[in-house]
Amino acid sequence: MPFAVPKVDRDRLVVLLGPPGAGKGTQAKRLAQRYGIPQLSTGDMLRDARAKGSELGKRVAAVMDAGHLVSDDIVIALIEEKLADGSTKGGAIFDGFPRTVAQAEALDAMLTRHGRHVDRAVLMYVPDDEVVRRNSGRRMCSKCQRTYHVEFSPPKVADVCDACGGELIQRADDRPEKIRARLEVYHREAPLVGYYEGKKLLRRVDGIGLLDDVYDRLARAVDGNGDDR
Ligand code: AMP
């Protein structure tokens with residue numbers, strides 16, 4: 001750890017915003033470890049549902065592969081379940097949720113029912129051409145979902161997961177034409193950034209650079225006490 005976790009007694013409900021492939025998943029995992037709280041990734045939950053072949057998985061498969069957003073109701077229900085099960089006591093890193101203003105409003109309403117509120121939203125800024133470059137090199141383990149990048153974080157053995165030996169695959173929505181579609185979807189939801197800015201919860205962090213440097217910037221943005229907003 002580059003610097004100590006501040007001992008501040010607070011409910012760290014952190015929303016991580018940024019384009020697909022900004023590194024939200026990787027950084028969310030590290031931040032979750034830093035604070036000892038779970039990472040809540042709706043993308044991972046939906047991919048899990050697909051891997052299990054559940055009804056939900058079947059319903060969302062085509063929409064996900066096209067790079068479009070699944071309906072607000074579905075992802076809101078997934079998050080509601082997590083908020084109700086007690087695992088987020090102390091906080092959570094929301095990764096890939098909310099993606100729309102309607103989802104952000106639903107999250108606020110759910111949290112209010114639990115007497116809680118979003119503590120901070122952090123936007124990882126990465127320009128579009130960099131997003132395309134990063135996503136097209138991304139690979140994911142077909143078994144444990146660990147992610148790699150052919151250039152920036154390759155596995156020890158090509159196409160094989162270091163952690164579980166599973167086969168590495170390219171997500172259908174990481175093909176270049178699908179990445180463009182996902183970027184379009186992302187830019188259409190730009191008001192989401194304004195939503196958190198309006199609530200004075202937003203911090204912007206440069207998402208370009210070494211993983212460790214970006215992580216340090218994020219951790220500082222999340223650690224802040226709030227009086228420095
Ligand atoms: P991600 O892993 O966050 O890039 O999500 C992969 C895909 O899952 C997205 O392209 C959407 O199809 C779907 N998805 C994940 N999170 C959401 C969300 N909050 N709202 C709608 N669709 C989502």
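A polar contact is a pair of N or O atoms within 3.5 Å, and this cut-off is used for the views of the ligand in this predicted model.

**Figure 1. Polar contacts between the ligand and the protein.** A nitrogen atom of the ligand and an N or O atom in the side chain of Q103 are 2.9 Å apart, a distance that falls within the 3.5 Å limit for a polar contact. At G96 the partner belongs to the backbone, where an N or O atom is found 2.9 Å from a nitrogen atom of the ligand. The side chain of R182 is placed with an N or O atom 3.2 Å from an oxygen atom of the ligand. Taken on its own, the ligand has 480 Å² of accessible area, and the protein covers 95% of this area.

**Figure 2. The shell of residues around the ligand.** The ligand is surrounded by 16 residues, and T42, R47, H68, G96 and Q103 are the closest of them. Helix α2, which runs over residues 42-52, supplies four residues, the largest share of this shell. Sorted by class, the shell is made up of six nonpolar residues, five polar residues and five charged residues.

**Figure 3. R217 and its surroundings in helix α9.** R217 is part of helix α9, the helix formed by residues 211-223. Its relative accessible area is 30%, and because buried means under 20% and exposed means over 50%, R217 is described as partly exposed. When residues up to four places away in sequence are set aside, R217 touches V205, D206, G207 and I208. M124 is separated from R217 by 93 residues in sequence, while the C-alpha atoms of the two residues are 9.8 Å apart in space.

**Figure 4. The whole protein, as a setting for the close-up views.** The secondary structure of the protein consists of nine helices and eight strands. Its C-alpha trace spans about 45 × 40 × 30 Å along the principal axes. The radius of gyration is 17 Å, and this agrees with the value near 17 Å that a compact globule of 229 residues would have. Of the 229 residues in the protein, 48% are buried. Among the contacts in the protein with a separation of 6 or more, 73% are between residues 24 or more positions apart. The protein has an accessible surface of about 11,500 Å², and carbon and sulfur atoms account for 52% of that surface.

Technical notes: Residues are numbered from 1 along each chain as its sequence is written. This is a predicted model: local features need pLDDT of at least 70, side-chain atom pairs count only at pLDDT 80 or more; totals for chains, interfaces and linings use all residues. Side-chain values use heavy atoms; hydrogens and water are left out. Helices (H or I, at least four residues) and strands (E, at least two) are DSSP runs, numbered from the N terminus. Buried means under 20% relative accessible area, exposed over 50%, partly exposed in between (1.4 Å probe, protein chains only). Contact means heavy atoms within 4.5 Å. A residue is near a molecule or strand if one of its heavy atoms lies within 4 Å of it. A polar contact is a pair of N or O atoms within 3.5 Å; within protein, one must be able to donate a hydrogen and the other to accept it, and residues adjacent in sequence count only if both atoms are side-chain atoms. Accessible areas come from the Shrake-Rupley method with a 1.4 Å probe; for residues, only the protein chains shown count as cover. Ala, Val, Leu, Ile, Met, Phe, Trp, Tyr, Cys and Pro count as nonpolar, Asp, Glu, Lys and Arg as charged, and the others, Gly among them, as polar. The radius of gyration is taken over C-alpha atoms; the globule rule is 2.2 Å times the number of residues to the power 0.38.
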